[in-house]
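Hi,

Here is the structure I said I would pass on. Have a look at it first, and then read my notes underneath.

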Amino acid sequence: MSVAKLYLVDASLYVFRAWHSMPDEFHDADGQAVNAVHGFARFLLELIEREQPRHLAVAFDESLDSSFRNEIYPAYKANRDPAPAELKHQFGLCQEIARALGLAVMSDTRFEADDLIGSLLARQRAHGFRGVIVSADKDLSQLLQAGDVQWDYARQQRWGADGVKARHGVEAHQLADYLGLSGDAVDNIPGVPGIGAKTAAALLEHFGSLDAILARVDEIPYLRLRGAAQHAARLREHREQALLSRRLATIALDAPLPPQLGDAARGPGDRIALEALLERLRAGPITRRRALAQLGDS
């Protein structure tokens, strides 16, 4: 079976990055800010020009403030400020850009972009695909298997499953367990109080998984690990919190995907829609030429 590359873009990360890095001088024909759209469009066009991908899906966080994880843990990501209104409307325009370019777009009100990426990749593995995950998000490294690559586009760094341990201290398949133990301040995942990154990595190195750690917790005090007895006590006390934290950190592989998504093959695009959108965004001539050139008949 031949191996095909499936590019999976964590779009929200790059929309936010453009929002913070692009000057606020960009406004559409109605006077609304569109700096994030311009920055995201430049990133997307550069990616397409550079890689010429045949299969590419762009995943967005449809709901920027909630997901199914909030249903099981209301404090999930509660430490983040709500997205400003002037940014929210730009997410829709970024989706329009991607669709007009003939790219597959994924979004869902209950599942995050990570879940959509994981679910599509899991489905397409059976059809001979390997993933190229375009994102710097460490959570997505848990999806990596042999032949997959994660690509931090801004830093131009790439790594596979065998490179995850050097970056995070644990293997790719242990990453959700690791976050179940150490927590994640970025996403407000609690983990086990008093167990930090080094201890979590050491425990997983010895036991292999969170389930094994919890099943063999009585062995922990005998390990050559500083504070081992206290760690065992913490794990007994916060067992359910560790399991909940792992659940929050685990990327879903069964998220609903758009029925028309298929294998995310690039389509012909929509010239009329793209030209109208570029006009509305007051895109410059260089961006217009680059965008229209990707439709294949310019």
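Below is what I found, going from the sheet to the helices and then to one arginine.

Before anything else, please keep in mind that this is a predicted model.

**The sheet**

A good place to begin is the open sheet, which has six strands in the order 3-2-1-4-5-6 and mixed pairing. At its edges you will find strand 3 (104-106) and strand 6 (157-159), each of which pairs on one side only. On average, neighbouring strands here are turned by 20° against each other, direction ignored.

If you zoom in on strand 5 (residues 149-152), you can see that strand 5 pairs with strand 6 in the antiparallel sense, over three bridges. Look for D152 there: opposite D152 stands Q157 in strand 6.

**Helix 1 and its partners**

Next, find helix 1 (residues 11-21). Helix 1 lies across strand 1 (4-10), strand 2 (56-59), strand 4 (129-134) and strand 5, and runs at about 45° to strand 1.

Helix 1 also meets helix 4 (residues 85-100): their axes come within 11 Å and cross at roughly 130°. The two helices are therefore oblique to each other, and the crossing is right-handed. On the helix 1 side, the residues that meet helix 4 are S12, V15, F16 and W19. Their counterparts in helix 4 are E86, L87, Q90, F91 and C94.

**Helix 8**

Further along the chain, helix 8 (residues 197-207) has T199, A200, A201, L203, L204 and F207 buried. What covers them? Among the elements doing so are helix 7 (175-182), helix 9 (210-215) and helix 10 (228-237). Just after helix 8 comes G208, with a positive phi of about 95°.

**R69**

I kept one residue for last. R69 sits in helix 3 (residues 68-72). Is R69 buried or exposed? Its relative accessible area is 3%, and under 20% counts as buried, so R69 is buried.

Which residues is R69 in contact with, leaving aside its neighbours within four places in sequence? They are Y76, E112, D115, R247, L248, T250, I251 and A252. For L248 there is a further detail: its backbone oxygen lies 2.8 Å from a polar atom of the R69 side chain.

If you would like to follow the same route on screen, start with the sheet order 3-2-1-4-5-6, go on to helix 1 where it lies across strand 1, and finish at R69 in helix 3.

Cheers

Note on methods:
Residues numbered from 1 in each chain as written. Predicted model: local features only at pLDDT ≥ 70, side-chain atom pairs only at ≥ 80, totals over all residues. Heavy atoms only, no water. Pairing = 2+ DSSP bridges. Helix = DSSP H or I, 4+ residues; strand = E, 2+ residues; numbered from the N terminus. Axes fitted to C-alpha atoms, helices over the stretch in contact; angles between N-to-C directions. Contact = heavy atoms within 4.5 Å. Buried < 20%, exposed > 50% of the residue type's maximum accessible area, 1.4 Å probe, protein only. Polar contact = N/O pair within 3.5 Å; in protein donor to acceptor, adjacent residues only side chain to side chain. Parallel < 35°, antiparallel > 145°, perpendicular 65-115°, else oblique. Left-handed = near helix turned anticlockwise from the far one by under 90°.
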